[in-house]
Amino acid sequence: MSLNEKDSITPADSSDVELGQSKDVGEEFEIFGQGDGDVNFRTVEWVHASMIFLKIIFATGVLSIPSVMYDYGAVPGSILLVSWTGLNGYTAIIQGNFRNQHPGCHSIGDMAQILGGVPLRELAGLLFVASNVVCAASGIIGISAALNALSVHAACTVWWSLIATVAVFFLASVRKFSHISWLTWVGFLTIFVAVLIVVIGVTLNDRPAAAPAGPYELGFRIVGNPAFIPGISASLNMFVSSAATSAFLPVISEMKKPKDYNKAVFLCMGFVTAAYLAFTMVLYYWCGQWIASPSLGSAGPTVKKIAYGVGLPGLLISGCLYVHVASKYLFVRILRNSVHLQRNSFVHWGTWLSCTASLSIVAFILASAIPIFNYILALVGSLCFAPLAISLPGLLWLYDHGHKRRGIYNITMYGIHVFMVVLGLFMTVSGTYSVISQIQEAYAGGQIDSAFSCADNSGTV
């Protein structure tokens with residue numbers, strides 16, 4: 001089969017596919033053929049895929065959620081957190097099933113093309129690349145904060161960000177997901193241990209490390225009462241903590257058995273939900289409103305250095321994965337109709353390295369322009385992930401199942417997915433307004449220094 005034939009994206013009958021089921025449409029429609037060309041990309045086992053998924057979403061969420069729990073309080077915050085991770089897990093399954101039912105889909109952009117043609121494909125592709133680049137920028141912010149904490153702000157934060165960007169570029173340039181899967185194990189374990197160290201550390205302190213001297217109000221609330229703007233922003237941080245499910249899709253194309261995708265998602269999202277809830281509630285119970293962002297700085301200067309030292313590889317690998325996923329999308333788009341897609345040619349390597357280098361540079365610029373972890377995550381949640389991870393999956397389900405409207409169950413499911421489309425649009429508009437308002441207030445109040453500031457971003461000095 002020629003590469004032109006492989007590039008075709010055709011509708012398939014998937015009306016009989018429900019949650020957790022995946023119908024195999026045949027190897028001949030896979031983007032990367034097994035045995036085609038010099039490079040075999042199809043080498044990822046489903047367990048390794050699950051670890052890649054886990055590393056893609058785990059680090060940013062576990063570092064950002066605890067600091068926004070104060071806005072909602074323990075009970076509503078916990079319910080909201082579980083609801084968002086559950087919804088994101090469900091939409092990941094929708095995307096995977098749709099991809100495995102429609103030949104030629106490599107990315108969320110290809111799926112959007114089936115729904116709305118080339119214009120929707122280009123819009124979805126732009127949002128996909130932008131979301132992953134902004135998440136990579138959050139990883140660079142985390143790395144620079146770690147280096148500031150470990151060195152006691154021995155150098156300008158911009159220099160630390162630049163060093164982080166170079167390291168992210170080199171790691172992201174590893175070509176296959178299977179070759180970086182071992183890095184995801186290292187990255188996940190180091191972040192997990194780092195957060196565990198902080199969780200244990202806060203329980204051993206008499207008072208929150210960030211609390212002011214003398215009497216203080218802990219701020220642990222069973223039920224909060226957030227205003228609209230901080231409430232939407234906090235909700236966005238919870239949502240975005242597990243919303244990068246569109247980044248799972250390119251991994252399917254490199255799995256040995258793409259139909260095993262759902263197993264990888266269930267394993268990943270089950271663990272993520274349990275870990276987020278456990279770590280977040282312990283930190284919030286002991287620190288209240290005095291939780292650092294990122295949360296690794298919540299247990300005092302000594303524990304912070306230990307946690308950042310242990311978690312530094314995980315922060316680095318998070319950044320590299322986001323750059324890798326976005327670069328792989330561009331790489332396939334550029335070379336999809338070319339013999340260079342799976343050949344070790346100059347064009348192949350030149351295209352690949354150009355993608356990783358350019359996106360790493362953009363991530364560095366964003367990290368230096370909006371150097372506050374929570375704000376940059378909330379911004380990507382509203383502008384990119386809300387339409388990609390809520391509205392578009394709702395439309396994908398309606399495309400495959402919208403004709404079934406008889407009976408209470410089918411009518412209910414139809415209404416749920418229409419609501420998902422509306423919810424995504426609401427989060428996009430209201431979320432973007434809220435985050436931009438908070439960023440403006442932070443600049444006006446001196447919480448954010450000027451762009452490309454050398455100021456410490458770890459709370460060390």
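In the predicted model, the sulfur of Cys-384 has its closest cysteine sulfur in Cys-135, at 8.4 Å, which is too far for a bond. A disulfide requires the two sulfur atoms to lie within 2.5 Å, and the Cys-384 to Cys-135 separation of 8.4 Å therefore does not qualify. Cys-384 is a buried residue, its relative accessibility being 6%. Cys-320 is likewise buried, with a relative accessible area of 0%.

By the distance criterion, one disulfide is counted. This bond is formed by Cys-156 and Cys-454, whose sulfur atoms are 2.0 Å apart. The torsion about the S-S bond of this pair is about -85 degrees, and the disulfide is therefore left-handed. The bond joins distant parts of the chain, the two cysteines being 298 residues apart. Cys-156 occupies the loop between helix H5 (108-151) and helix H6 (157-172), whereas Cys-454 belongs to the segment after helix H14 (408-444). The accessibility of each partner was also computed: Cys-156 counts as buried at 14% relative accessibility, while Cys-454 is partly exposed, with a relative accessible area of 39%.

On the surface, Val-75, Ile-79, Ile-222 and Val-223 make a nonpolar patch of about 370 Å². One of these residues, Val-75, is located in helix H4, which comprises residues 74-101. The relative accessible area of Val-75 is 42%, so this residue is classed as partly exposed.

Technical notes
Residues numbered from 1 in each chain as written. Predicted model: local features only at pLDDT ≥ 70, side-chain atom pairs only at ≥ 80, totals over all residues. Heavy atoms only, no water. Patch = residues over 30% accessible without salt bridge, like charges linked within 9 Å, V, L, I, M, F, W, Y side chains within 5 Å. Areas by Shrake-Rupley, 256 points an atom, 1.4 Å probe, with all protein chains shown as cover. Salt bridge = Lys/Arg side-chain N within 4 Å of Asp/Glu carboxyl O. Helix = DSSP H or I, 4+ residues; strand = E, 2+ residues; numbered from the N terminus. Buried < 20%, exposed > 50% of the residue type's maximum accessible area, 1.4 Å probe, protein only.
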